[in-house]
Amino acid sequence: MKILLSGGAGFIGSHTYVELTKAGHEAVIVDNLYNASEKVLERLQVITGKPVPFIKADVADRSAMRAVFSEHKFDAVIHFAGYKAVGESVQKPIEYYRNNLDTTLTLCECMREAGVKCIVFSSSATVYGPLETSPLEESMAPEDCTNPYAWTKSMNERILLDAVHAMPDWSCALLRYFNPIGAHESGLIGEDPVGIPNNLMPFITQVASGKREKLSVFGNDYNTPDGTGVRDYIHVVDLARGHVAACEYLLTHPGAEIINLGTGIGYSVLDIVNTFMRVNNIDVPYVIAPRRSGDMDSYYADPSKAKALLGWQAEKTLDDMCRDSWRWQSNNPNGYRD
Ligand code: WQD
């Protein structure tokens with residue numbers, strides 16, 4: 001297959017590029033590098049052993065994207081491009097709706113003109129909203145999203161469901177990610193947040209490397225075994241492999257599918273911290289801090305549909321996730337800015 005990876009220079013996209021290449025597919029990365037480094041392309045060439053087809057473009061730019069689709073005959077699109085910071089989306093809702101919806105609508109228009117009928121969308125478990133009933137299952141009716149970022153994911157799901165309803169020969173997979181962490185075993189690519197990390201694992205790795213003084217554990221009075229928040233952490237390589245499986249499935253199955261990509265196992269913040277310290281034999285100083293607004297007690301997937309439909313399930317362990325996260329951070333103390 002020949003696949004367009006929109007936003008493919010990012011954390012999930014770059015790992016998906018590696019897994020597509022390993023599976024014998026040809027992928028072309030289209031990215032404006034707004035939230036990614038061009039250095040990732042050099043790293044991908046080292047990992048895959050061949051040049052990386054890359055086009056610098058804004059996925060929302062229709063003329064640029066028409067040129068991409070006229071240059072390449074794609075079998076499918078995997079759509080990662082979009083702004084992704086929950087907190088920032090609350091401060092900049094207009095930019096988030098403009099960018100995250102325009103990219104999808106432009107891709108759909110270009111796909112329709114070019115006769116490309118398969119799209120995998122990078123959705124998020126956050127579209128379930130503040131449901132208290134984990135494990136979360138795809139048929140559950142979501143509650144209202146709690147931030148503009150989550151709404152853009154929900155609205156993009158709606159756009160693609162309606163597009164497939166209007167064009168029954170199209171196929172789409174709406175992949176609801178839980179909490180992606182970890183990095184490729186080479187330590188050459190990984191999560192590279194700009195500024196103070198919002199998410200748990202990059203904050204832990206920056207504390208371990210001495211870049212940050214200590215971790216604030218946001219609350220230890222949740223209704224969980226140790227009182228700290230429970231989430232479904234999934235290795236980014238498992239997540240990437242889920243995208244390959246979804247792409248291959250779409251080629252022979254028209255219609256739309258919503259699919260959780262998680263492990264089905266919930267781990268607490270302290271589980272992550274303690275596992276990280278054990279497997280890497282390194283200290284991560286932390287303090288218990290007040291709860292973070294909007295956080296849930298417990299949030300994890302029912303991953304059975306992905307197994308039944310795609311034959312995919314997560315295989316890597318929490319030890320793998322913690323070891324691989326640390327290898328990336330320790331090899332790249334300043335991410336791709338080294
Ligand atoms: C995980 C746990 C925190 C940081 C977010 C987005 C979601 C998705 C995944 C895109 C929680 C605790 C965190 C810290 C902490 N992204 N924590 N100290 O909030 O589950 O999900 O990332 O789709 O949309 O909302 O992930 O890593 O921020 O938090 O104690 O410094 O770690 O309270 O329990 P979250 P997270």
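**Strand β6 and its surroundings**

Strand β6 sends Ser171, Ala173, Leu175 and Tyr177 to one side and Cys172, Leu174 and Arg176 to the other, and every one of these residues is buried. That pattern fits the general rule that side chains in a regular strand alternate between the two faces of the sheet. Keep in mind that this is a predicted model. The points below start with β6, move on to a pocket, and end with some backbone oddities.

**β6 and its partners**
- β6 covers residues 171-177, and seven of its seven residues are buried, so the strand counts as mostly covered.
- On one side of the pairing list sits β5, which runs parallel to β6 over seven bridges.
- Within that pairing, Ser123 has Arg176 of β6 as its bridge partner.
- β5 and β6 also belong to a β-α-β unit with α6, and this unit is right-handed.
- β6 also pairs with β11 (residues 255-261), again in parallel, through seven bridges.
- Here Tyr177 is matched with Leu261 of β11 as its bridge partner.

**The second largest pocket**
- How big is the second largest pocket? Its volume comes to about 180 Å³.
- The lining of this pocket is made of 13 residues, and those nearest its centre are Pro142, Ser154, Glu157, Arg158 and Arg176.
- Arg176 thus turns up twice: it is one of the buried residues of β6, and it is also among the lining residues nearest the pocket centre.
- Which element gives the most to the lining? That would be α6, with five residues.
- Sorted by class, the lining holds seven nonpolar, five charged and one polar residue.

**Backbone oddities**
- As background, most peptide bonds are trans, and most residues other than glycine have a negative phi.
- The bond joining Ser134 and Pro135 is cis, with omega about 0°.
- Pro135 sits in the loop between β5 (118-124) and α6 (148-166).
- Leu33 isn't a glycine, yet its phi is positive, near 60°.
- Look for Leu33 in the loop between β2 (26-31) and α2 (39-48).
- Is Leu33 buried or exposed? Leu33 counts as buried because its relative accessible area is 14%, and the cut-off for buried is under 20%.
- Asn281 is another non-glycine residue with a positive phi, this time about 50°.
- The loop that holds Asn281 runs between α9 (269-280) and β13 (286-289).
- Asn281 has a relative accessibility of 72%, so this residue counts as exposed, given a cut-off of over 50%.

Note on methods. Residues numbered from 1 in each chain as written. Predicted model: local features only at pLDDT ≥ 70, side-chain atom pairs only at ≥ 80, totals over all residues. Heavy atoms only, no water. Helix = DSSP H or I, 4+ residues; strand = E, 2+ residues; numbered from the N terminus. Buried < 20%, exposed > 50% of the residue type's maximum accessible area, 1.4 Å probe, protein only. Pairing = 2+ DSSP bridges. Right-handed = clockwise from strand over helix to strand, strands pointing away. 1 Å grid on protein atoms, 1.4 Å probe; cavity = no way out; pocket = protein on both sides within 12 Å on 5 of 7 lines; lining within 4 Å. Points joined across faces, edges and corners; volume = space filled by probe spheres on them. Nonpolar A, V, L, I, M, F, W, Y, C, P; charged D, E, K, R; others polar.
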